[in-house]
Number of protein chains: 2
Amino acid sequence: MLNKNFAVGVDLGGTSIKAGLVDKKGKIIKKVSVDSLADGGVETVIRQIKHAINEVMNGKSGKILGIGIGAPGSVKLKKGTVENPPNLPGWGKVHLGTILNKEFGCDVFVENDANAAAIGELIYGAGRNFKNFVMITLGTGVGGGIIIDRKIYRGEAGYAGELGHVTIDSMGRQCNCGAIGCIEAYIGNNYLIERVKKQLQEGSDSLLLNYINNDLNLITSKLICDAAIEGDDFSKSVVVDTGTKLGYSLASVVNVLDITTIIIGGGVAGFGKLLFDSAKSALKERVIASSRNSIRILPAKLKNNAGIKGASALVFYSSLKK
Amino acid sequence: MLNKNFAVGVDLGGTSIKAGLVDKKGKIIKKVSVDSLADGGVETVIRQIKHAINEVMNGKSGKILGIGIGAPGSVKLKKGTVENPPNLPGWGKVHLGTILNKEFGCDVFVENDANAAAIGELIYGAGRNFKNFVMITLGTGVGGGIIIDRKIYRGEAGYAGELGHVTIDSMGRQCNCGAIGCIEAYIGNNYLIERVKKQLQEGSDSLLLNYINNDLNLITSKLICDAAIEGDDFSKSVVVDTGTKLGYSLASVVNVLDITTIIIGGGVAGFGKLLFDSAKSALKERVIASSRNSIRILPAKLKNNAGIKGASALVFYSSLKK
């Protein structure tokens, strides 16, 4: 029998929808993953979301505390409106919160997935004991969420915390966002892999070449990490460079916000200690002197299923504010 | 006869202390400027501050609303503690608020001068009608203040809004703060003048050379502005470059904060329309698409005596919060 100690978290992506029944401590009781069927358009995706939610609540009717949705792109809180999400073609504006509230009769909280990740760390993870922190997620894109006084800081229109689009070189590499020199254009997963491929094509020697049997298309950030751990100099230099550039971008963030606790998550964060050490050292080197000794960089605690957990945390977070 | 409609504002600098009696609308009724005598140490400077305050209240005994102090460097609000202010040698930590409260028996509010400038614009100036804005002051240094929901955002330890130390090129010019590529290292007044001198030495042709009778030590940002207005191509390029770089740095700030109203003040802002247009155009080009159409760049309204007015605004700001 479900009760107010449980929430459903939904991680809405362009490829798959992951849903989980989660308890107050962030433990996943049951989870499902269904295809988003994004090409089918809005109605189809919404049907898949409802399907996934029903699946995780299957046979356990009763009143859960609520449903949380982590959605890509911009979200308006009031009606849980998802606006023009990347990877979900044809959405425009969809009042997803209102729609799901009608279907399931419980509170529904929709948030941008980067903000949901920060709230996940706040409620269950590495941010539990901090009043203020910045969460940065290193994946295909580089996303961010800002927690001030244990609340998510959304800015004027919900776009705050676009940490992937902090400049490290205003005359540098082209970023997908249209600007030049954003940190994402250097350490976003795809950019990173492209750069590594190019360097290997140009003759850099690396243990990676053994791992992939010389098929450059097989390179992943996981393999770079493995090779770095094995002591491969090339891969170590990639990890150090990634951490250093990340640290440079974080110096601007800390100088603006005076928030000195940084939590790093996402796939590229799997680079591990060498990444964290390089980021911390670059950040301390570049931040204003008065903030230097307060700098703290922590790995995110929600690793697997961070999307589901972050989404479910929206429900518990919201109940805290009441 | 003075009453609660008046405040005293004190602009504490390394060279001079300016104090003014200011009314609720930001009008200066009387002002004085005295030498800081900074080499004399803490006691001497405090005596000069008291002297200046007594001067502006001279012969008009009575209860003003309070005294506001804009101080360089880091300030702790509780006791109005000024910590290691640049240009005031030997200060360490001075509880200036407590000291002046004992002397004058009224409320005393001490703030970092960049934050005081932002509060000045909030109370009397270009920020009066905005809930959120970022104030950036272009002078010898580049300073900033962040207003969120009509309150100054100070961060964890009062260091927030260090907008001069947002990176535009992490492999670029050395900044005084120890980091590389901060916007201040490109558009702070001294850096700017040095760069112009160098370009003229290297043979750039400019109307400026006539203005200064070939004595490069006479170059000021005011002269660059005048020459640009006269149509001098070299000076125009300096102004456009300054605005463009400023815009690039502001893109990072807006992407982090999602605050789209920017108020620009300080001497270099005297570059005028060409500077503002270049900054706006660069910012709109570089900010994430969803914020692009909300961008608004405004000149500060408090120009002359902005320091005194900003300091006095601390008193009225504080009375609003009660």
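1. Let's start with B:Lys93. Is this residue buried or exposed? In this predicted model, B:Lys93 is exposed, because just 12 other C-beta atoms lie within 10 Å, and a residue counts as exposed at 12 or fewer. As for where to find it, look at strand β7 of chain B, which covers residues 93-95 and has B:Lys93 in it.

2. Which residues does B:Lys93 touch, if we leave out those up to four places away in sequence? They are B:Thr81 and B:Glu83. If you want a sense of distance within the chain, try B:Val34: it sits 59 residues from B:Lys93 along the chain, and the two C-alpha atoms are 23 Å apart.

3. Now for how chain A is divided up. The domain assignment splits chain A into domain 1, made of 6-120 plus 305-321, and domain 2, made of 128-299. So that you can place them in the picture, the C-alpha centres of domain 1 and domain 2 of chain A are 27 Å apart, with the bounds coming from an automatic or database assignment.

4. Where do the two domains of chain A meet? Ten residues of domain 1 of chain A make contact with eleven residues of domain 2 of chain A. On the domain 1 side, β5 (74-76) and α3 (113-123) of chain A are the elements giving two or more residues. The largest share there comes from α3(A), with five residues. Sorted by class, that side of domain 1 of chain A has six nonpolar residues, three polar ones and one charged one.

5. Next, the two chains. How many residues does each chain bring to the contact? Chain A brings 35 residues and chain B brings 35 residues. On the chain A side, the elements with two or more residues are α8 (233-257) and α10 (289-292) of chain A. Of the elements on that side, α8(A) gives the most, seven residues. By class, the chain A side holds 17 nonpolar, 13 polar and five charged residues.

6. Last, the symmetry. Chain A lands on chain B after a rotation of 180° with 0.0 Å of shift along the axis, at an RMSD of 0.0 Å. The two copies are therefore related as by a two-fold rotation axis. Which C-alpha of chain A is nearest the axis? That of A:Asp169, at 2.1 Å from it. Both copies also use the same surface, since 100% of the contact residues of chain A recur in chain B.

Terms used. Residues numbered from 1 in each chain as written. Chains lettered and ligands numbered in written order. Predicted model: local features only at pLDDT ≥ 70, side-chain atom pairs only at ≥ 80, totals over all residues. Contact = placed C-beta atoms within 7 Å. Helix = DSSP H or I, 4+ residues; strand = E, 2+ residues; numbered from the N terminus. Nonpolar A, V, L, I, M, F, W, Y, C, P; charged D, E, K, R; others polar. Buried ≥ 20, exposed ≤ 12 C-beta atoms within 10 Å, placed from the backbone. Least-squares fit on C-alpha atoms with pLDDT ≥ 70 in both.
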